[in-house]
Amino acid sequence: MNGDITDKREGTRVVQAGRRPEWTAGIVNPPVWRASTILYDSVAHLRESGGRDTHHRLFYGRRGTPTQWSLADALTSLEPGAEGTFLYPSGVAAISTALLAILSPGDELLLVDSAYDPTRNLAGGLLKRMGITTRFYDPMIGAGIADLIGERTRAIFMESPGSLTFEVQDVPAIVAAARARGVTTLIDNTWATPLLFPVIELGVDYTILACTKYIVGHSDVMLGSVTAGPGRFARLRDASLQLGQVTSPDDAWLGSRGLRTMAVRLRHHEAAALRIARWLAERPEVAAVLHPALPGCPGHDLFLRDFKGSSGLFAFTLAGGSDAARAALIDTLDLFGIGYSWGGYESLAIPIDPQRHRSVTTRDDAGPMVRLQIGLEDPDDLIADLDRGLAAWRATAA
Ligand SMILES: *Cc1c(COP(=O)(O)O)cnc(C)c1O
C-alpha cells in the first residue's frame, strides 16, 4: 500500500495518500499519536537525535508525530511536483506564516484585490508595522502584473477564484511574469483544492489551504496548510518552527479523516451548486450569478482552461431591493445556516458586501449580494428553500 500514487486519479489518491506503513502500524487510519516529551534510551541517543535534522523523526511534540506527518505527506502527494507541506492551526496561520517566511522589512507584496479579508488585514496590520508595503492589484490583471513588479517586489499573492466575487485569475501568466523577475508566488487555493486545481506543477511556489473547509469537510476543526514547490520547503519549515507553529494531532487526525471522502464530496458539491446556480440565473429576482463555471463570471474562460471542476461556493446579486429584503430572504431559509466558513456538509447563506473590501477595483453590482455554500443535502430541497426565500425578498422589496 501507498507506493507511488502520483499517476492515480483523484479519488484513489485521497484514499491512499499519507498512509505510510511505518505511520499506520497496520491500522487503516493512522492513529492519534499525542506527545510533548519524547523519551530517549540514553544520553547518547538524546544527543544524536537533537543534532540531526528531525524531519519525520520523533524529537519533541512541537515537531509533530506520525499523525501530523501523515496528513502533511498526503497533502504534498496531492500536488504533483511539490516538495513538502507544513500544517497550521488555522488557514489564517498558514497565510501569515507563509508571508512571514518570505518577506523582510523593505519588501513589497503584490496582493490581489479580491483576497480573503483577513489576508488584507495582515497586509495592513502586522506586515505594514514590519515595514513591508502592499500594493493591491486587479484580479483580472493577468500578464499585466509585469508592469507592477518593481525593485522591492518580493512576492505576489493570488487567490483564485477571489473571495466573495469569484474572479478567476490567469495564474500561469502571473507565474511567468514573477519567474522572469525572481519574485516568489503564493496562492490561496482553498476553493478548488489540489484536486480541482493543482498549482505547483504550474510553477506556483507556495499553495495555501484553509483545510478548515473542504479537507476537514465537517465544520468542526480549524486547520491550515502550506505546500511548497521544489526547493521552497526549508525556508517555510524554518520560519514555521521559529514561530512555534504546531497543529494538534487530534485536529490533524480529523483532517486526514475528512480527506478520505473529499473527492466524493467535491463531486456532489459541484453538481448540486451548478444546478442551483443555473436555477438562480433564470430567476427574475436575480441580476447576476457569480460562479466560475458560469459564463458571466470574470475569468470564466480561464476557469475552463485551467480547472478540473468547480466546488460548492458561489454568490449571486439580487435585482435591487434593500438590505432588509436581502435579510428577509436569508432569514426565511430553513436548510441554509447563517454563518461564516464553508466546505462542510451543510449549506450556508450569508450577506456579502464586497465593495467594502476593495482598494483598487470598483464594483457595479445591481443590488445586495448573497453568498451560498451548497452542502450535501438534496439539491431539490435546497431549491425549494431558495424559492421560498426569493418570495420573501419579493414581498419585502415590493
Ligand atoms: C476561511 C478561509 C481562510 C482562513 O481559514 P481559517 O481556517 O478560517 O483561518 C483563508 N482563505 C480563504 C479563501 C477562506 O475562505
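Here is a short tour of a predicted model, starting at its ligand and moving out through two pockets to a pair of backbone oddities.

**Stop 1: the ligand and its shell**

Select the ligand and bring up what surrounds it: you should get 15 residues, with Gly 91, Val 92, Asp 188, Thr 212 and Lys 213 as the closest. Colour that shell by class and you'll find seven nonpolar, five polar and three charged residues. Now show the helices. Helix α5, residues 91-102, makes the largest contribution to the shell, with three residues.

**Stop 2: the polar contacts**

Keep the ligand on screen and pick out its oxygen atoms. Start with Thr 212, where a polar side-chain atom sits 2.5 Å from a ligand oxygen. Next, go to Gly 91; here the partner is a polar backbone atom, 2.8 Å from an oxygen of the ligand. Then select Trp 342, which has a side-chain N or O atom 3.0 Å from a ligand oxygen. How much of the ligand's accessible area does the protein cover? Taken on its own, the ligand has 380 Å² of accessible area, and the protein covers 92% of that.

**Stop 3: the largest pocket**

Hide the ligand for a moment and look at the space left behind: that space is the largest pocket. Its volume is about 700 Å³. Select the lining and you'll have 34 residues; nearest the pocket's centre are Tyr 116, Asp 117, Pro 118, Ser 163 and Arg 371. Which elements should you highlight here? Try α5, α6 (117-129) and β10 (348-352), since each of them puts at least two residues into the lining. Colouring by class once more, this lining splits into 17 nonpolar, nine polar and eight charged residues.

**Stop 4: the second largest pocket**

Move on to the second largest pocket, with a volume of about 320 Å³. It is lined by 22 residues, and the ones to click on closest to its centre are His 55, Trp 69, Ala 72, Thr 85 and Phe 86. For the elements, highlight α4 (66-77), β1 (84-88) and α9 (233-242), each of which supplies at least two lining residues. Which one gives the most? That's α4, with five residues. The class colours in this lining come out as seven nonpolar, 10 polar and five charged.

**Stop 5: a cis peptide bond**

Leave the pockets and zoom in on Ser 160 and Pro 161. The peptide bond joining Ser 160 to Pro 161 is cis, with omega at about -5 degrees. To place Pro 161 in the fold, trace the loop that runs between β4 (153-159) and α7 (171-180).

**Stop 6: a positive phi**

Finish at Ala 25, in the loop between α2 (21-24) and α3 (43-51). What is phi here? Ala 25 has a phi near 50 degrees, a positive value in a residue that isn't glycine.

Note on methods. Residues are numbered from 1 along each chain as its sequence is written. This is a predicted model: local features need pLDDT of at least 70, side-chain atom pairs count only at pLDDT 80 or more; totals for chains, interfaces and linings use all residues. Side-chain values use heavy atoms; hydrogens and water are left out. A residue is near a molecule or strand if one of its heavy atoms lies within 4 Å of it. A polar contact is a pair of N or O atoms within 3.5 Å; within protein, one must be able to donate a hydrogen and the other to accept it, and residues adjacent in sequence count only if both atoms are side-chain atoms. Accessible areas come from the Shrake-Rupley method with a 1.4 Å probe; for residues, only the protein chains shown count as cover. On a 1 Å grid over the protein atoms alone, a cavity is a set of points where a 1.4 Å probe fits but cannot get out, and a pocket is an open set with protein on both sides within 12 Å along at least five of seven lines; lining residues have an atom within 4 Å of a point. A molecule sits in a cavity or pocket if more than half of its atoms lie within 2 Å of its grid points. Helices (H or I, at least four residues) and strands (E, at least two) are DSSP runs, numbered from the N terminus. Ala, Val, Leu, Ile, Met, Phe, Trp, Tyr, Cys and Pro count as nonpolar, Asp, Glu, Lys and Arg as charged, and the others, Gly among them, as polar. Grid points are joined across faces, edges and corners, and a volume is the space filled by probe spheres set on the points.
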